[in-house]
There are 2 protein chains.
Amino acid sequence: MAKKPKILCVDDEQDILDLLTFNLEKEGYDVCTALNGKKGLEVAKRELPDLIILDVMMPEMDGMETCREIREIPSLQNVVITFLTARNEDYSQIAGFEAGADDFITKPIRQRLLVSKIKALLRRSGPAEVKKEMSIGGIEIDREKYLVTKDGVQIQLPKKEFELLVLLSSAPGRVFTRENILNSIWGNDVIVGDRTIDVHIRKLREKLGDENFKTIKGVGYKFEA
Amino acid sequence: MAKKPKILCVDDEQDILDLLTFNLEKEGYDVCTALNGKKGLEVAKRELPDLIILDVMMPEMDGMETCREIREIPSLQNVVITFLTARNEDYSQIAGFEAGADDFITKPIRQRLLVSKIKALLRRSGPAEVKKEMSIGGIEIDREKYLVTKDGVQIQLPKKEFELLVLLSSAPGRVFTRENILNSIWGNDVIVGDRTIDVHIRKLREKLGDENFKTIKGVGYKFEA
DNA sequence: AGAAAACTTAACTTTAGGTTAACCTTAGGT
DNA sequence: ACCTAAGGTTAACCTAAAGTTAAGTTTTCT
């Protein structure tokens, strides 16, 4: 089965976080939380969730501001963001969409509605947005066909290697930390040894050329053309 | 019962989507939605609906443009597309038909009319269809006659095997996940064991040659010439 | 209704892919 | 230049996913 979608909930009330966590985990989502906007940003950067639920009303950095900042981060450009608002605050919706929101959930939270909204949003966004094909430095990646072409030669990569390649090549030049990689490909609950990543990197280097995969010692790896 | 026809609604107003969804689901259709043309395209590619309702007026990529792009996709060549327009915009109909539309529904939406139009369109398209034959890598598929010819020899495939072949061959090279396959052939709700798919794949390999059906472990299957 | 064909399932085998352990190499700080 | 910790390498091992077969079920056809 496909990896569990990861949802980040940001709210200053622990009660609400608990409620959201309970309901979403029950549906099989991978949930992480943060108690304020700043922490939300941090967690988002680290966990790279598929969807973020943001409370609009928060002390210090409110939902709007957090949303705007999230949208600034390249790797979170396409994450689905929904706001949590009180029913009567609907005036804020316009501002919300402008800040980059995809949807709104109103308090008090009705569980069934919450779950179906989340489902709908994830379904809609799922394999969307990102292009299915890309070509970087003689390497073509076709996600639909799960196929990589190097200098015109087709190469069939195993799943994990393919996913790793897709991740690294999604932002050429950007360094992905081991933590980033583990979170994106294995999920943050799975525990695998450090050497596992190295081995997969090695396989990629073997198949696609050493020069494209750079090690930044003590930090992580990056893909370059 | 026959599989529920799947309808994709694309509109930038959530209200309209809700209205359409409510009315169509009530009639027993399987409804999916998208909030803009780009997402609509993605969903269409993924869900392969039988009919698409497109709002003409949408920001960014409008209905016309979306329609044109949908018609470019081989697996969606024959899908029925109807536009949603305001009553007075009928001038747009000429352009609409040129873009590849099959019909128009005018706003405000009258439920009874909507439903009967949809029914009529699906009925009409059902036994009709245009391109019912294809030939890929020595294998000819005639959807109308439910007939497959391999190297000049006719082979009579059972329904499920035939459907599976049609699905996989509709996009040669593209990997279909088990989920994809289940959704398209068995329907979203039906539950069948995982081994069922394998068995059908095995039969196809047996009859049409191993080499054409490739397994991508952990991902799915694909058809290749 | 009975037979045949199609479909699903269960139980088992096989295998590709993933992980790890043990060891080796190298970069970069001091 | 040395030392150390991070990363590289290899091959053996393990496991989840797919393949296989045959035995039920269900459907379809006569």
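Me: In which sense do strand β1 and β3 of chain A pair, and over how many bridges?
Reply: This is a predicted model, and in it β1(A), residues 6-10, pairs with β3(A) in the parallel sense over four bridges. Within that pairing, A:Cys9 has A:Ile53 as its bridge partner.

Me: What about β3(A) and β4(A), how do they pair?
Reply: In the parallel sense, over five bridges. A:Ile52 stands opposite A:Ile81 of β4(A) there.

Me: Is β3(A) enclosed or not, and why?
Reply: Largely enclosed by the rest of the structure, because five of the five residues in 51-55 are buried.

Me: Which residues sit on each side of that strand?
Reply: A:Leu51, A:Ile53 and A:Asp55 are on one side, with A:Ile52 and A:Leu54 on the other, and both faces are covered. Side chains in a regular strand alternate between the two faces of the sheet.

Me: Ok, zoom out. What's the strand order in the open sheet of chain A?
Reply: β2-β1-β3-β4-β5, five strands with parallel pairing. The edges are β2 (30-34) and β5 (103-107) of chain A; each has a single partner strand, so one side of each lacks a neighbour in the sheet.

Me: And how much are neighbouring strands turned against each other on average?
Reply: By 20 degrees, with direction ignored.

Me: How many bridges join β4(A) to β5(A)?
Reply: Five, and the two strands run parallel. A:Thr82 has A:Asp103 in β5(A) as its bridge partner.

Me: Which strands does helix α1 of chain A touch?
Reply: Helix α1(A), residues 14-26, packs on the sheet against β1, β2 and β3 of chain A, and its direction makes about 170 degrees with that of β2(A). Helix α2(A), residues 37-47, lies across β1, β2 and β3 of chain A too, running at about 170 degrees to β1(A).

Me: Switching to β6, β7 and β8 of chain A. How do β6 and β7 run, parallel or antiparallel?
Reply: Antiparallel, with four bridges joining β6(A) (133-136) to β7(A) (139-142). The bridge partner of A:Met134 is A:Ile141. The two strands form a hairpin with two residues between them, and A:Gly137 in the turn has a positive phi of about 45 degrees.

Me: Then what's the turn like between β7(A) and β8(A)?
Reply: That hairpin has four residues between the strands, and A:Tyr146 in the turn has a positive phi of about 55 degrees. Four bridges join β7(A) to β8(A), residues 147-150, and the strands run antiparallel. A:Glu140 stands opposite A:Thr149 there.

Me: On to the DNA. Which residues come nearest to strand C?
Reply: A:Pro158, A:Lys159, A:Gly193, B:Pro158 and B:Lys159, out of 21 residues around DNA strand C. Helices α6 and α8 of chain A and α6 and α8 of chain B each supply at least two residues of that surface.

Me: How does the strand C surface divide by residue type?
Reply: Six nonpolar, five polar and 10 charged.

Me: And which ones come nearest to DNA strand D?
Reply: A:Asp198, A:Arg202, A:Thr215, B:Asp198 and B:Thr215, of the 17 residues around DNA strand D. α8(A) gives the most to this surface, with six residues. The residues divide into four nonpolar, four polar and nine charged.

Me: Looking at B:Asp194 now, buried or exposed?
Reply: Exposed, because B:Asp194 has 9 C-beta neighbours inside 10 Å. B:Asp194 is in helix α8 of chain B. Its C-alpha atom is separated by 8.0 Å from that of B:Arg178, 16 residues apart along the chain.

Me: How many residues are in contact between chains A and B?
Reply: 13 residues of chain B are in contact with seven of chain A. On the chain B side, helix α2 (37-47) brings the largest share, four residues. That side divides into five nonpolar, two polar and six charged.

Me: Last one: which residues touch the most other members in the largest nonpolar core?
Reply: B:Ile7, B:Leu8, B:Cys9, B:Ile52, B:Ile53, B:Leu54 and B:Ile81, in a core of 32 residues. Elements that each supply at least two residues to this core include β1, β3 and α5 of chain B. Another core of 31 residues lies apart from it, with A:Ala34, A:Leu54, A:Val80 and A:Leu114 among its members.

Methods
Residues numbered from 1 in each chain as written. Chains lettered and ligands numbered in written order. Predicted model: local features only at pLDDT ≥ 70, side-chain atom pairs only at ≥ 80, totals over all residues. Near = placed C-beta within 6 Å. Nonpolar A, V, L, I, M, F, W, Y, C, P; charged D, E, K, R; others polar. Buried ≥ 20, exposed ≤ 12 C-beta atoms within 10 Å, placed from the backbone. Pairing = 2+ DSSP bridges. Contact = placed C-beta atoms within 7 Å. Core = buried A, V, L, I, M, F, W, Y, C linked by C-beta atoms within 7 Å. Axes fitted to C-alpha atoms, helices over the stretch in contact; angles between N-to-C directions.
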